[in-house]
Amino acid sequence: MRLAHLSDLHMLPKGALKPSLLFNRRIFGATNLYIRDWTKKAVHVVKSAMTAISHANVDHIIITGDLTNLAIEAEFEFASSVIESFGLDHTKLSIIPGNHDYYVPAAAKNRRFEHYFGKYTWGPDFDPFAQYPAVKDIDNIRLILACTPTIPPPMFSYGELGTPQMDRIFQLADNAHGRHVVLAIHHHLHNQNFLRDKTGLLKDRQQLKARLAQSSIRLVIHGHDHHEHEMVLQSKLPSGTHVLSCGSTTYQSASKRRFGRFNIYEFKENGALEVERWQSNQSGEFYLLKSP
Ligand SMILES: [Fe+2]
Ligand SMILES: [Fe+2]
């Protein structure tokens, strides 16, 4: 069983930023977009990543949020048409929301993200107002799909799982019938610099970490931090709980020599977790960076 992990695609259609839409907190995001020039090339890089994955013998793909930038309807239409073009259904692809997909209260309240992508989270008969987490049992993996974005004030991007969702996550993890449990969330669990920790953290990450320490969740995958990150938390499992971010799949900065990433995870027969790290070059073509 091989699981591909992409994140933070931040796809931007041409002409989406109409001035009339850039009110309230979107104006901050729009300003940010002019700095983040790489979002304009994101679709090319997403397609290139999916081509590489199609040749990498992968059983399931998960995207851990931030498919859009400002949660504008045109962005969702565009992002969903790109995702549709890969011809995958919920048995092959899972998608969870990031804070940019809930960027304004109306988008979150109307469940705009879920209307477009819920079929990949819950299957074809989905209810866009269904509660998270969703769960999928795929071969030897139980995949738990959670939602962390909230509606913070402008300039903040923090998130929260909340107690009911967290309770359900650990109930599902405790009844996994021997499968490897993988939890997918958007927000990271590690510390960042002071400003990022103040503005963009998962507010109940300490509670989540404390409960992970008592659980048999094998792997937590996340996005939000656009950098690759890995840590191991002590847990009931001898190997501990691995927490991994692939970084943004579409980020491109030649001056910083930092390019888009995705990961492939595989649980071996002996239970060991192997991680393949893939990175794009300046043209957006992906290659295996570091084999296990
Ligand atoms: Fe992001
Ligand atoms: Fe994010």
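Select helix 5: its buried residues pack against helix 3 (73–84), strand 3 (93–96), helix 4 (105–109), strand 4 (134–138) and strand 5 (141–145). Two residues are in contact if their C-beta atoms, placed from the backbone, lie within 7 Å. Helices (H or I, at least four residues) and strands (E, at least two) are DSSP runs numbered from the N terminus. A residue is buried if 20 or more other C-beta atoms lie within 10 Å of its own, exposed if 12 or fewer, and partly exposed in between.

The model is predicted: local features need pLDDT of at least 70, side-chain atom pairs count only at pLDDT 80 or more, and totals for chains, interfaces and linings use all residues. Residues are numbered from 1 along each chain as its sequence is written, while chains are lettered from A and ligands numbered from 1 in the order in which they are written.

**Helix 5 and helix 3**

Remain at residues 112–122. Because 9 of the 11 residues of helix 5 are buried, this helix is largely enclosed by the rest of the structure. The buried residues include Phe-113, Gly-118, Tyr-120 and Trp-122. Just after the helix, select Gly-123, which takes a positive phi of about 100°.

Now add helix 3 to the selection. Its axis comes within 10 Å of the axis of helix 5, and the two cross at roughly 5°; axes are lines fitted to C-alpha atoms, for helices over the stretch in contact, and angles run from 0 to 180 degrees between N-to-C directions. Helix 3 is therefore roughly parallel to helix 5, a term for angles under 35 degrees. On the side of helix 3, Glu-73, Phe-76 and Ser-80 make the contact, and on the side of helix 5, Arg-112, Tyr-116 and Phe-117 do so.

**The sheet that begins with strand 4**

Which order do the strands of this open sheet follow? Its 6 strands are arranged 4-5-6-7-9-8, with mixed pairing; two strands pair if DSSP finds at least two bridges between them. Strand 4 and strand 8 (229–233) stand at the edges with a single partner strand each, so one side of each has no neighbour in the sheet. Neighbouring strands are turned by 20° against each other on average, direction ignored.

Select strand 7 (residues 217–222) and strand 9 (residues 241–245), which pair in the parallel sense over 4 bridges. Within strand 7, Val-220 stands opposite Val-243 in strand 9. Next, show helix 6 (residues 163–174), which lies across strand 4, strand 5, strand 6 (180–184) and strand 7, and runs at about 175° to strand 5.

**The sheet that contains strand 1**

A further open sheet of 6 strands has the order 3-2-1-12-13-14 and mixed pairing. Strand 3 and strand 14 (286–290) are its edge strands, each pairing on one side only. The twist averages 25° from one strand to the next.

Select strand 1 (residues 2–6), where 4 of the 5 residues are buried. With strand 2 (residues 60–64), strand 1 pairs in the parallel sense over 4 bridges, and Leu-3 stands opposite His-60. With strand 12 (residues 261–267), strand 1 runs antiparallel, joined by 4 bridges; Arg-2 has Glu-266 as its bridge partner there.

**The nonpolar core**

Finally, select Val-182. Beyond its neighbours within four places in sequence, Val-182 is in contact with residues including Leu-3, Ile-144 and Leu-219. Val-182 is also among the residues with the most contacts inside the largest nonpolar core, which has 72 residues. Such a core is a set of buried Ala, Val, Leu, Ile, Met, Phe, Trp, Tyr and Cys residues joined through C-beta atoms within 7 Å.

Definitions and conventions
Parallel < 35°, antiparallel > 145°, perpendicular 65-115°, else oblique.
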